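Subject: Handover of a structure and the findings on it

Dear colleague,

Please find below the structure that I am handing over to you. My findings follow it.

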Amino acid sequence: MSQTSLPRWQPGARETRLWNADAGGPLGEIQLAIKRAIPKHCEAILVVACSGGADSLALAAAMTWVAKVAGPDSTPLPTCALIVDHSIREESALEAQATADICYDLGFDTTRVLTLGTDKLGPRAGKVGPEGTARDQRWRALDAQTLVQAESRGLTEAIVFTGHTMDDQAETVLLGLARGSGTRSIAGMRASVPRDIIDPEAPLSDRLSVPSGTGQEPWSVPQPDVVTVMVSRPMLGLRRETTHAACKQIGIEPVVDPSNFKGGPWRAADGSPLRRAAVREDALPSLRESLGQDPVPGLARTAQLLQEDNEALDYAASEMLKSAWPGAVTWSVGNPIVIKTSTLARCPKAVLTRALRQAGILVGWNAGDVKREHLDAMAVLCQRYTGQGPVSLPGGVWARRTDGYLILEAEPAGVS
């Protein structure tokens, strides 16, 4: 091993001491967070996305006890640990298998190593840099295997748990601020969200299918409408130091992946350090020194407040779209969306752009490709129309105004 060491645990086969009572200490804090995240009367398979790092291993260890009493009438729920190996470093295969062995010993019903490679690029490869591409790869594999695991048990619900902490949330907020993003990005990660909201830019068929043909994939392509998948981040209220302490509490030595550090082997497209690693190692410590206080709790609190604001604005936009769209009830996929511009004439811009974004997604654009200028151009057609022609939008969608209506459609006849 040249740059890292394997995760270690010496508990004996199928350790059970975590199952009998609350562990207390840092692990107990994580157990409590998981309990609060699992809905009442839950009948889902509980899937942990485990990298072998301290955050996800602490989550996995805490999950094994909680799952034993998380079902209806305190019955056990099925569990599965999924470990994604990106095959970026020569040590990664051994690390992934060692992590899977630990998860098995912790008591997971099923463990799977999902081996990826450079050929398994997501639909946005080349647009989002190495971090974004790796994230797309992981979620494509996790999506597919989660559905396979749920369907094999005859279940229609699955919850995928990730090990994101309050520190990750603070990093996400700062990255959004630096990009000049809107409130949706600065609001960071939500604690619980349907999978189709987590990655809205990828069509359903792309999200739930994985390239095949290399002989390495331990998954198959599932049916896209059988299982409802939720993503849960129960540790957004806990600090990274808690997960490290939890691993120490039970004697687990996690993977220390050099790819997560500023000086690691991965670089941004321009050759500079990965943005998140730079924020973690430089920006947050600098803010702490300059402000004289830890900025992480305040940034996480800002994210929570913005999430609440976004929910209110999205609801207002949805109601506005319903009132301005006479054919909403009978509309079907593939048909144009026809919106009365008079209803939108005096709509606040924050609500208007959200309503237009919702309509555009229904017609078929990729939400991740939509920029502010696209929404501004559509808003002008609604509120300041002076005879402008059609507006080209991402995903082959066009917007045009005719006789007091805004029409959104895919590649209308006569427009090129």
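Which residue in β10 does Trp 398 stand opposite? The residue is Glu 409. The background to this pairing is set out below, after some notes on the model.

The model is predicted, so local features were required to have a pLDDT of at least 70 and side-chain atom pairs a pLDDT of 80 or more, while totals for chains, interfaces and linings use all residues. Residues are numbered from 1 along each chain as its sequence is written, and side-chain values use heavy atoms, with hydrogens and water left out.

Overall description

The protein chain contains 14 helices and 10 strands. These elements are DSSP runs numbered from the N terminus (helices: H or I, at least four residues; strands: E, at least two). Of its 416 residues, 47% count as buried; buried means under 20% relative accessible area, exposed over 50%, and partly exposed in between, with a 1.4 Å probe and protein chains only. The accessible surface comes to about 19500 Å², and carbon and sulfur atoms hold 52% of it. The areas come from the Shrake-Rupley method with a 1.4 Å probe, and for residues only the protein chains shown count as cover. Among contacts with a separation of 6 or more, 72% link residues 24 or more positions apart; contact means heavy atoms within 4.5 Å.

The antiparallel sheet

Four strands form an open sheet in the order β7-β10-β9-β8, with antiparallel pairing. Its edge strands, β7 (337-340) and β8 (391-393), each pair on one side only. Neighbouring strands of the sheet are turned by 20 degrees against each other on average, direction ignored. Two strands pair if DSSP finds at least two bridges between them. In general, strands of a sheet pair through backbone hydrogen bonds, either parallel or antiparallel.

From one edge, β7 pairs with strand β10 (residues 405-410) over four bridges, and Val 338 stands opposite Ile 407 in β10. Strands β9 and β10 are joined by six bridges. These two strands form a hairpin with two residues between them, and Asp 403 in the turn has a positive phi of about 50 degrees. From the other edge, three bridges join β8 to strand β9 (residues 397-402), where Val 397 is the bridge partner of Leu 393.

The parallel strands

Strand β4 (residues 157-161) is mostly covered, with four of its five residues buried. Strand β1 (residues 45-49) pairs with β4 in the parallel sense over four bridges. Strand β6 (residues 228-232) also pairs with β4 in the parallel sense, over five bridges. Phe 161 appears in both pairings: Val 48 stands opposite Phe 161, and Ser 232 in β6 is a bridge partner of Phe 161.

Helix α5 and its neighbours

Helix α5 (residues 166-179) packs against helix α10 (residues 275-291) at an angle of about 95 degrees, with the axes 10 Å apart. Therefore α5 is roughly perpendicular to α10. By class, this contact has five nonpolar, one polar and five charged residues. Among the residues that meet are Asp 168 and Glu 171 in α5, and Arg 275, Arg 276 and Arg 280 in α10.

Helix α5 also packs against helix α11 (residues 296-324), at an angle of about 70 degrees and with the axes 8 Å apart. Here too α5 is roughly perpendicular to its partner, α11. This contact has nine nonpolar, two polar and one charged residues.

For these values, axes are lines fitted to C-alpha atoms, for helices over the stretch in contact, and angles run from 0 to 180 degrees between N-to-C directions. Angles under 35 degrees count as roughly parallel, over 145 as roughly antiparallel, 65 to 115 as roughly perpendicular and the rest as oblique. Ala, Val, Leu, Ile, Met, Phe, Trp, Tyr, Cys and Pro count as nonpolar, Asp, Glu, Lys and Arg as charged, and the others, Gly among them, as polar.

Val 173 is found in α5 and counts as buried because its relative accessibility is 1%. Leaving aside neighbours within four places in sequence, Val 173 is in contact with Ile 186, Leu 299 and Ala 303.

Two loop residues

His 41, in the loop between α1 (25-37) and β1, has a positive phi of about 60 degrees although it is not a glycine. His 41 is exposed, with a relative accessible area of 70%. Asp 73 lies in the loop between α2 (54-66) and β2 (79-85), and its phi is positive at about 55 degrees. Asp 73 is exposed, with a relative accessible area of 76%.

With kind regards
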